[in-house]
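Student: Could you take me on a close walk through a single part of this structure, the sheet? I would like to follow how its strands are ordered and paired.

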Amino acid sequence: FPSHDTNTIVDEEIEFRAESYEKVKVIAGEFETIRVVATGTIKAKLEKGDIYNGTFKMTTWFGVANNRLALIKREYKNSFKQAFSQELEKISKISN
């Protein structure tokens, strides 16, 4: 979001939907996942008076790695032309 202003007021409305089971391949390997899509609106008012209204979509694939729920992959984009993605790159061993 285009602000580092500490007095920014942000209001977000978000809807989450679990959409499907999918096999996803990332750097760390291939995983059975569930795809969860979040869509929403962003309304922000900066201290200096600028107002931003927009939308976003974030798709996240959750799976199991080392017998634990893990974020396998995520894609995000919004109407402010900002986007990012991330994926699981390696699985660390868990000691008992």
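Tutor: Here is a strand-by-strand look at the sheet. Please keep in mind that the model is predicted.

Let us begin with the overall layout. The sheet is open and has five strands, in the order E1-E2-E3-E4-E5, with antiparallel pairing. At its edges lie E1 (9-26) and E5 (83-87), each of which pairs on one side only. On average, neighbouring strands are turned by 20 degrees against each other, direction ignored. As a general reminder, the strands of a sheet pair through backbone hydrogen bonds, either parallel or antiparallel.

Now to E2 and E3. Strand E2 covers residues 29-45 and E3 covers residues 51-65; the two run antiparallel and are joined by 13 bridges. To find your place along this pair, look for Val37, which stands opposite Thr59 in E3. These strands form a hairpin with five residues between them, and there Gly49 takes a positive phi near 105 degrees.

From E3 we can step across to E4, residues 68-78, which runs antiparallel to E3 and is joined to it by ten bridges. Here Trp61 has Lys73 in E4 as its bridge partner. The hairpin of E3 and E4 has two residues between the strands, and Asn66 in the turn shows a positive phi of about 55 degrees.

Lys73 also leads us onward, as its bridge partner in E5 is Glu87. Five bridges join E4 to E5, and this pair runs antiparallel as well. So much for the walk: with E5 we have arrived at an edge strand.

Technical notes
Residues numbered from 1 in each chain as written. Predicted model: local features only at pLDDT ≥ 70, side-chain atom pairs only at ≥ 80, totals over all residues. Heavy atoms only, no water. Pairing = 2+ DSSP bridges. Helix = DSSP H or I, 4+ residues; strand = E, 2+ residues; numbered from the N terminus. Axes fitted to C-alpha atoms, helices over the stretch in contact; angles between N-to-C directions.
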